[in-house]
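Biologist: I would like a close look at a single part of this model, with its surroundings described step by step. Please take one residue in a strand as the starting point and work outward from there.

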Amino acid sequence: MQVMQAKVQTLRAQPVVTASAARSALEAATNSLGSNALLTVQTDRVTVTFKGVAPAALAQWLATVRQNARMVPNEAHLTRSESGGWDGRLVLQLPAR
């Protein structure tokens with residue numbers, strides 16, 4: 001319980017991420033995947049479409065987005081491609097402005 005309490009306190013102590021900062025962090029993370037990912041922003045909803053993204057690259061992208069943009073997917077529609085990568089899309093919600 002004390003370990004969980006310490007984690008919660010650490011998370012609460014972090015500064016709030018603005019919508020523009022979250023979007024910038026998300027764009028930077030997505031650009032690192034090159035042509036294998038496409039980012040589409042619709043007001044406060046973001047859809048990232050993947051095509052043949054390597055599992056390790058997707059895991060790193062998710063960790064970066066969670067850490068830097070403080071975002072997690074609201075929806076996930078992913079399938080394994082024939083090449084062993086991931087195809088599909090993730091939908092995320094930008095923080096309130």
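Modeller: Setting aside neighbours within four places in sequence, Thr 47 is in contact with Leu 38, Leu 39, Thr 40, Arg 89, Leu 90 and Val 91. The model is a predicted one, and in it Thr 47 has its place in strand S2. With a relative accessible area of 14%, Thr 47 is buried, because the cut-off for that term is under 20%.

From Thr 47 one can pass to Glu 75, which lies in strand S3, residues 73–80; the C-alpha atoms of Glu 75 and Thr 47 are separated by 9.2 Å, although the two residues are 28 apart along the chain. Whereas Thr 47 is buried, Glu 75 counts as partly exposed, at 29% relative accessibility. Leaving out neighbours within four places in sequence, the contacts of Glu 75 are Arg 45, Arg 89, Leu 90 and Val 91, and the side chain of Glu 75 is also joined to that of His 77 by a polar contact of 3.3 Å.

Two of the contacts of Glu 75 involve opposite charges. The side chains of Glu 75 and Arg 45 meet in a salt bridge, with 3.5 Å from N to O, and this pair links distant parts of the chain, since Glu 75 is in strand S3 and Arg 45 in strand S2, 30 residues apart. Glu 75 forms a salt bridge with Arg 89 as well, the closest N and O atoms being 3.9 Å apart; here too distant parts of the chain are linked, with Glu 75 in strand S3 and Arg 89 in strand S4, 14 residues apart. Arg 45 is partly exposed, with a relative accessible area of 33%, and Arg 89 is likewise partly exposed, at 33%. Arg 45, Glu 75 and Arg 89 are thus linked in a network of salt bridges. In general, side chains of opposite charge can pair when their charged atoms come close.

The model has four salt bridges in total, and one of them joins the side chains of Arg 23 and Glu 27, at 3.1 Å from N to O. Because Arg 23 and Glu 27 are four residues apart in helix H2, about one helical turn separates them. Arg 23 is partly exposed, with a relative accessible area of 37%, and Glu 27 is partly exposed at 29%.

Helix H2 also has a buried side, made up of Ala 19, Ala 22, Ala 25, Leu 26, Ala 29 and Thr 30. Seen down the axis of H2, these buried residues fall within an arc of 130°, so they line one face of the helix. The face turned away from that buried side carries the exposed residues Ser 20 and Asn 31, while strand S1 (37–42), S2 and H3 are among the elements covering the buried residues.

Strand S2 leads back to the nonpolar core as well. The largest such core has 19 residues, of which Val 48, Phe 50, Trp 61, Val 65 and Met 71 touch the most other members; helix H2, strand S2, helix H3 and strand S4 each supply at least two of its residues. Val 48, not counting residues up to four places away in sequence, touches Thr 30, Ala 37, Leu 38, Leu 39, Trp 61, Gly 88, Arg 89, Leu 90 and Leu 92.

Conventions. Residues numbered from 1 in each chain as written. Predicted model: local features only at pLDDT ≥ 70, side-chain atom pairs only at ≥ 80, totals over all residues. Heavy atoms only, no water. Core = buried A, V, L, I, M, F, W, Y, C linked by side-chain atoms within 4.5 Å. Buried < 20%, exposed > 50% of the residue type's maximum accessible area, 1.4 Å probe, protein only. Contact = heavy atoms within 4.5 Å. Polar contact = N/O pair within 3.5 Å; in protein donor to acceptor, adjacent residues only side chain to side chain. Arc of directions from axis to C-beta.
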